Amino acid sequence: QEQVVESGGDLVQPGGSLRLSCAASGSQFSTYTMGWHRQAPGKQRELVAAITSGGNTNYAESVKGRFTISRDNRKNTVYLEMNSLKPEDTAVYYCRHYGYGIWGQGTQVTVSS
């Protein structure tokens, strides 16, 4: 059964950095778009960033210039590099495999002093 598993969430101070990882099972990983979404308490889940099979990326306006999505097709893994973190970035971050239509279990990111 295909699945994606996130890791890397943590408590970090404002202005800090984190890197999230999402490892995917299944074949032909390189042919699928992958994405990161997040959900803060009391809010709807929202797209943070996505990357296509060709490496094209798109970002939510709120994270442009601070977050970078990338992928390593040899490792079936997609990353989210987060810099200059703000308290409003606090959320559960979910990996999305658009090819299989599946979500990971989520990883908590908390930005607080």
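Trp-103 comes out as partly exposed, with 35% of relative accessible area. That is a handy place to start in this predicted model, since two other side chains meet at this ring. One partner is Arg-45, which sits over the face of Trp-103, 4.5 Å from the ring centre. The other is Tyr-94, and here the contact is edge-to-face, with 6.4 Å from centre to centre and 85 degrees between the planes. Tyr-94 itself is buried, at 14% relative accessibility.

The whole structure holds 2 aromatic pairs. Besides Tyr-94 with Trp-103, there is Tyr-32 with Tyr-100: the ring centres are 5.3 Å apart and the planes meet at 50 degrees, so this pair counts as tilted. Tyr-32 belongs to the loop between β3 and β4, while Tyr-100 belongs to the loop between β9 and β10, so the pair links parts of the chain 68 residues apart. Tyr-100 is partly exposed, at 25% relative accessibility. Another arginine also lies over a ring: Arg-96 is found over the face of Tyr-98, at 5.8 Å from the ring centre.

Then there are the cysteines. The count comes to 1 disulfide, and it joins Cys-22 to Cys-95 with an S to S distance of 2.0 Å. Cys-22 is part of strand β3 and Cys-95 part of strand β9, so the bond ties together parts that are 73 residues apart in sequence. The link is left-handed, with -75 degrees about the S-S bond. Are its two ends buried or exposed? Cys-22 is buried, at 0% relative accessibility, and Cys-95 is buried as well, with a relative accessible area of 0%.

Technical notes:
Residues numbered from 1 in each chain as written. Predicted model: local features only at pLDDT ≥ 70, side-chain atom pairs only at ≥ 80, totals over all residues. Heavy atoms only, no water. Disulfide = S-S within 2.5 Å. Helix = DSSP H or I, 4+ residues; strand = E, 2+ residues; numbered from the N terminus. Buried < 20%, exposed > 50% of the residue type's maximum accessible area, 1.4 Å probe, protein only. Phe/Tyr/Trp six-rings, centres within 6.5 Å; stacked < 30°, edge-to-face > 60°. Lys NZ or Arg CZ within 6 Å of the ring centre and 35° of its normal.
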